[in-house]
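Dear colleague,

Please find the structure below, handed over for your consideration. My findings follow it.

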Amino acid sequence: MKLNLIRPLAFFDLETTGINVGSDRIVEIAILKAMPDGTEQIKTLRVHPGMPIPLQSSLIHGIYDEHIADAPKFAEVAQELATFIGDADLAGYNSNRFDIPVLLEEFLRAGVDFDMSDRRFVDVQNIFHQMEQRTLRAAYKFYCDKDIINAHSAEADITATYHVLLAQLERYEGADFEDKQGKISQPVINDIDALHAFTNMNKPVDFAGRMVYNDQGEEVFNFGKHKNKTVESVFDIEPSYYAWMKQGDFPLYTKKKLEEIWTRWNKKKDLNRVPKAPAAAPAPHNQKPSGNPTRTTQQQPRKEKPAENVTSDMLEQLKMKFGK
């Protein structure tokens, strides 16, 4: 089966120093670029991570410090990789949760602005887990009836991932899927937009899953004390939460998306600020006050009555009042 592609789809896999998105580094990257005309391009590079590779990681992927001693650092090959990927959509196995966030971290450290705004992301593991829920090795055996040779090498893994997706498209053509709300659909079709929607059901904002989109398309926190609250509503009641996350041990791409929301939120606040009306100037003395003519804006000086001469009648009234 040939993938139905409008633009290239880049399958990629990373071998790293560990599984911490924010602090671990790439030691090998392999990219298989499936082209709309059915051809394929492959690029594999080993990278010096700038730190020792922990033994437990080396035992998994087989790459030790001596293997990457003379390898370039990621910053030296970042632009080459970005150019090779180009405008391709991205695919991988568990790529939404791990490979894409790690790759974005490395690009940001290298100062390469790898635009993610108009790409589609197909996570083959999500198709597999939602339809069968097994590992890559089992998936390859299940769908292709083959064993992965040289498993945990990046190139072997992405090749297996590529063939698993092709087999999934054949197996699940016309197959029903029932979601948690009981809605039945046939989501596994040979269309990248549909696969993107099916393998991104959690709608992550930052790929690390710290923020996700709700049904209204609003960004909400997906962890901690503000879980399920919209990011902007948290900024309304606790703007210091932004500074805490910016200074905390969060992935750089998470911080980048957080900053975009913060900037948008501040612009809304500025637009909602109503300027105070200027105080009215006092009317000139020769100008009559407007409004009700019976009321005046300024208190008029009281006119004093002229003094009256004291008479005998007045004295008599005073005597009667005070008893004198």
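**Cavities, pocket and sheet**

The second largest cavity is lined by L104, F107, L108, V112, D113, F114, Y253 and K256. Its volume is about 30 Å³. Please note that the model is a predicted one. At least two residues of this lining come from each of α3 and α10 (252–272), and α3 gives the most, with three residues. By class, the lining of the second largest cavity comprises six nonpolar and two charged residues, with no polar ones.

In total, the structure holds two cavities of 30 Å³ or more. The largest cavity encloses about 40 Å³ of space. Its lining consists of F11, F12, D13, A91, G92, Y93, L136, D157, I158 and T161. Two or more of these residues are given by each of β1, β4 (89–92) and α6 (154–171). Six residues of the lining of the largest cavity are nonpolar, two are polar and two are charged.

Turning to the pockets, the second largest has a volume of about 610 Å³. It is lined by 25 residues, of which L14, E15, I60, H152 and D157 are the closest to its centre. D157 also belongs to the lining of the largest cavity. Each of β1 (9–16), α1 (55–61), α3 (95–109), α4 (124–131) and α5 (136–144) supplies at least two residues of the pocket lining. That lining divides into nine nonpolar, eleven polar and five charged residues.

The strands form an open sheet of five, in the order β3-β2-β1-β4-β5, and the pairing is mixed. Because β3 and β5 (121–123) stand at the edges with a single partner strand each, one side of each has no neighbour in the sheet. From one strand to the next, the twist averages 20 degrees.

Within this sheet, β1 and β2 are antiparallel and pair over eight bridges; T16 has I26 in β2 as its bridge partner. Strand β2 (residues 26–34) also pairs in the antiparallel sense with strand β3 (residues 40–46), over seven bridges, and L32 stands opposite I42 in β3. The hairpin of β2 and β3 has five residues between the strands, and G38 there takes a positive phi near 95 degrees.

Finally, there is the packing of two helices. Helix α2 (residues 74–85) packs with α3 at an angle of about 120 degrees, and their axes are 9 Å apart. The two helices are therefore oblique to each other, and the crossing of α2 and α3 is left-handed.

Yours sincerely

Definitions and conventions. Residues are numbered from 1 along each chain as its sequence is written. This is a predicted model: local features need pLDDT of at least 70, side-chain atom pairs count only at pLDDT 80 or more; totals for chains, interfaces and linings use all residues. Side-chain values use heavy atoms; hydrogens and water are left out. On a 1 Å grid over the protein atoms alone, a cavity is a set of points where a 1.4 Å probe fits but cannot get out, and a pocket is an open set with protein on both sides within 12 Å along at least five of seven lines; lining residues have an atom within 4 Å of a point. Grid points are joined across faces, edges and corners, and a volume is the space filled by probe spheres set on the points. Helices (H or I, at least four residues) and strands (E, at least two) are DSSP runs, numbered from the N terminus. Ala, Val, Leu, Ile, Met, Phe, Trp, Tyr, Cys and Pro count as nonpolar, Asp, Glu, Lys and Arg as charged, and the others, Gly among them, as polar. Two strands pair if DSSP finds at least two bridges between them. Axes are lines fitted to C-alpha atoms, for helices over the stretch in contact, and angles run from 0 to 180 degrees between N-to-C directions. Angles under 35 degrees count as roughly parallel, over 145 as roughly antiparallel, 65 to 115 as roughly perpendicular and the rest as oblique. A crossing is left-handed if the near helix is turned anticlockwise from the far one by less than a right angle, and right-handed if clockwise.
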